[in-house]
Amino acid sequence: MSEAVDVRGGENAVVTAETGTRNMVSTVRRFFAEPSVQRSIPTAAAALVVFFGLIAYLFLQQPERTTLYASLPENEKARIVDALKNASVDVALDPSSGEVMVPTNDFHRSRILLAAQGLPASMPDGYKQLDDMPMGTSRSVENMRLKHSQEIELARSVSEIDAIVSTRVHLAIPEKSVFVRNNPEPTASVMVQMANGRVLGSQQVDAIVHLVSSSVPGMPKQNVTIIDQNGTLLSQGSADMAGRLSDDQLEYRMRLENIYRTRIVSLVTPIVGAGNVNAQVNLDIDFTRSELTEEKVDPQGNALRSEQLSSDETTERRARGIPGAVANTPPAEAELAQINEQQEEEGGGPSTRSKSTNEVRNYEVSRVISTTQNPSNQIARVFASVLVRDTETLNPETGLMESQPLGQEKLDEIRELVRNTIGIDDERGDNLTVSSAPFVAAVEGERVEWYEQPWFNEVSQQISTILILAIVALGVIRPLLNRILVPVSAGEPGLVVVGEQEDESESVEVSEGESLEDIKAKLRPKKQSISTDLLDTANTYDDKVAVIRLIVGEESGRVSNVFRAMMRSEVSSE
């Protein structure tokens with residue numbers, strides 16, 4: 001018994017489902033069979049086509065572009081394209097000419113962005129203007145153009161240095177005179193604009209001075225002046241030698257500190273990871289220059305250099321003969337020699353009156369002369385600080401990353417490595433500090449509201465355009481379509497729709513209970529009936545009532561048939 005009930009229940013459910021589906025289908029058919037729906041389908045289709053067409057047009061439309069700079073070299077174009085892409089500018093290249101093109105709305109903004117970066121940096125060719133010189137030009141104008149061409153070419157040459165953005169060169173070349181004494185020397189002034197954070201070294205400044213002085217005949221190096229955009233004199237002469245030495249000393253100190261800092265970072269990075277260490281080094285350098293000259297004498301290292309011996313002896317001869325003038329006259333040399341021989345034989349030689357001996361010896365003394373120059377760039381003390389990022393661990397309770405300081409053992413290991421790397425000496429007074437601290441992960445920038453972003457303005461403009469076109473399409477095109485399109489009739493069999501025009505060959509259906517007058521009314525020729533569209537266009541209730549009265553007056557038979565059919569349907573339902 002229960003199984004029979006179940007079968008019936010399943011059959012009833014199937015029948016109910018089929019009935020519901022049929023009712024739904026019939027409802028949909030009746031909805032689309034309504035005259036108002038039939039009349040609105042073309043309008044809705046046209047509106048959808050227009051809407052999707054506008055969307056496709058707006059998304060596929062390319063913005064209007066204009067040339068940013070013309071006649072630029074290829075390297076300048078590459079730098080400009082990279083700079084604009086980094087600034088989120090929709091830049092493109094003209095396929096025919098290769099010029100850089102940007103949207104018209106971004107033209108001035110692109111120029112300002114490039115000007116802030118010193119682009120384009122290329123300069124015109126200086127000697128091109130000599131080709132355009134007309135005939136009959138005076139000598140003074142020709143000399144001025146030649147000088148201007150030289151200035152442009154020198155500026156282009158100096159601007160090729162990487163750190164320089166732009167350059168201006170001014171030449172003061174005096175006119176030649178027939179008198180040699182009245183020929184002054186030419187001079188030059190160079191104005192350079194440096195990139196942000198860049199400076200020229202002393203060697204680069206000397207190179208620019210040599211370049212300019214060698215390009216102009218008769219210009220000495222001391223007549224070239226170089227300044228930067230801040231008004232700083234770069235080409236300082238020998239009069240300010242102390243200032244140049246101070247700059248060289250500061251540059252040497254900064255370069256040495258950078259070497260020490262690089263050593264520390266490269267040593268500690270493999271231990272704690274890249275970007276997790278920061279080091280700073282301060283060097284106290286003694287630039288005092290001292291010179292010591294010392295002379296030492298070795299008394300044991302004597303050597304005989306020269307020797308001189310001299311002997312002086314005075315003798316006298318005994319008196320002989322008769323005193324007188326003849327006896328006092330000295331004999332001749334030959335006679336004197338004979339007399340001396342006779343005296344020696346007789347044993348009565350001359351007697352010695354005085355005798356002296358002189359001996360002189362010169363010795364070379366061994367001595368040592370030494371000159372000691374102490375180094376002028378001597379490190380007096382070293383101060384170094386090393387900061388390491390704390391380790392991050394996951395807290396199981398909160399599920400968040402928390403910073404944990406490094407252990408003291410790890411810090412001591414890093415301190416010992418850095419100590420040996422940069423040569424810390426406690427006796428000299430050096431100091432080394434190693435600590436750990438949490439680092440800031442990222443710098444928070446200024447937040448821009450969503451309605452202030454560029455994409456919001458673009459979307460707003462597109463939506464506004466679509467709305468305006470939709471209003472025009474629905475407000476103007478739809479009424480025109482309603483007036484042009486012919487209404488489609490629909491209804492159930494046996495019912496007569498008001499406003500429907502029938503052909504002469506159409507058959508007339510006769511129902512039970514109809515009188516002869518009713519049948520004659522059906523067979524009467526049709527007149528131009530009033531369209532039911534007037535009910536849709538009527539704005540007020542009174543207007544609609546007036547339209548219905550006109551329809552009843554002209555189509556009284558059909559109206560009576562409609563009411564009769566309605567009453568029959570109500571009676572049959574009861």
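Student: Is Glu76 buried or exposed?

Tutor: Glu76 counts as buried, at 4% relative accessibility. Keep in mind that this is a predicted model.

Student: Which residue does Glu76 form a salt bridge with?

Tutor: Arg79. The closest N and O atoms of the two are 3.7 Å apart, and the cut-off for a salt bridge is 4 Å.

Student: Where do Glu76 and Arg79 sit along the chain?

Tutor: They are in helix α3, residues 74-86. The two positions are three residues apart, so about one helical turn separates them.

Student: What is the accessibility of Arg79?

Tutor: Arg79 has 43% relative accessibility and counts as partly exposed. Its partner Glu76 is buried.

Student: How many salt bridges are there by this rule?

Tutor: The count comes to 14.

Student: Take Arg361. What does it pair with?

Tutor: Arg361 forms a salt bridge with Glu307, with 2.9 Å between the closest N and O atoms. This pair links distant parts of the chain: Arg361 is in strand β9 (residues 351-374) and Glu307 is in strand β8 (residues 290-316), 54 residues apart.

Student: Which residues are in the network with that pair?

Tutor: Glu307, Glu359 and Arg361 are joined into one network by salt bridges that share partners.

Student: And how exposed are Arg361 and Glu307?

Tutor: Arg361 is partly exposed, with a relative accessible area of 41%. Glu307 is partly exposed as well, at 42%.

Student: Next, Arg198. What does its side chain meet in a salt bridge?

Tutor: The side chain of Asp162, at 4.0 Å from N to O. Arg198 lies in the loop between β5 (187-194) and α7 (202-215), while Asp162 lies in the loop between α6 (139-159) and β4 (164-172). The two are 36 residues apart, and the pair links distant parts of the chain.

Student: Is Asp162 buried or exposed?

Tutor: Asp162 is exposed, because its relative accessible area is 66% and the cut-off for exposed is over 50%. Arg198, with 39%, is partly exposed.

Student: Changing topic: which residues form the nonpolar patch on the surface?

Tutor: Trp450, Tyr451, Trp455, Val459, Ile463 and Leu467. Together they have about 630 Å² of accessible area.

Student: Where does Tyr451 lie?

Tutor: Tyr451 is in the loop between β13 (431-437) and α12 (454-484).

Student: What is its relative accessible area?

Tutor: For Tyr451 the value is 42%, so that residue is partly exposed.

Key:
Residues are numbered from 1 along each chain as its sequence is written. This is a predicted model: local features need pLDDT of at least 70, side-chain atom pairs count only at pLDDT 80 or more; totals for chains, interfaces and linings use all residues. Side-chain values use heavy atoms; hydrogens and water are left out. Patches are made of residues with over 30% relative accessible area and no salt bridge: like charges are joined within 9 Å, nonpolar side chains (Val, Leu, Ile, Met, Phe, Trp, Tyr) within 5 Å. Accessible areas come from the Shrake-Rupley method with a 1.4 Å probe; for residues, only the protein chains shown count as cover. Helices (H or I, at least four residues) and strands (E, at least two) are DSSP runs, numbered from the N terminus. Buried means under 20% relative accessible area, exposed over 50%, partly exposed in between (1.4 Å probe, protein chains only).
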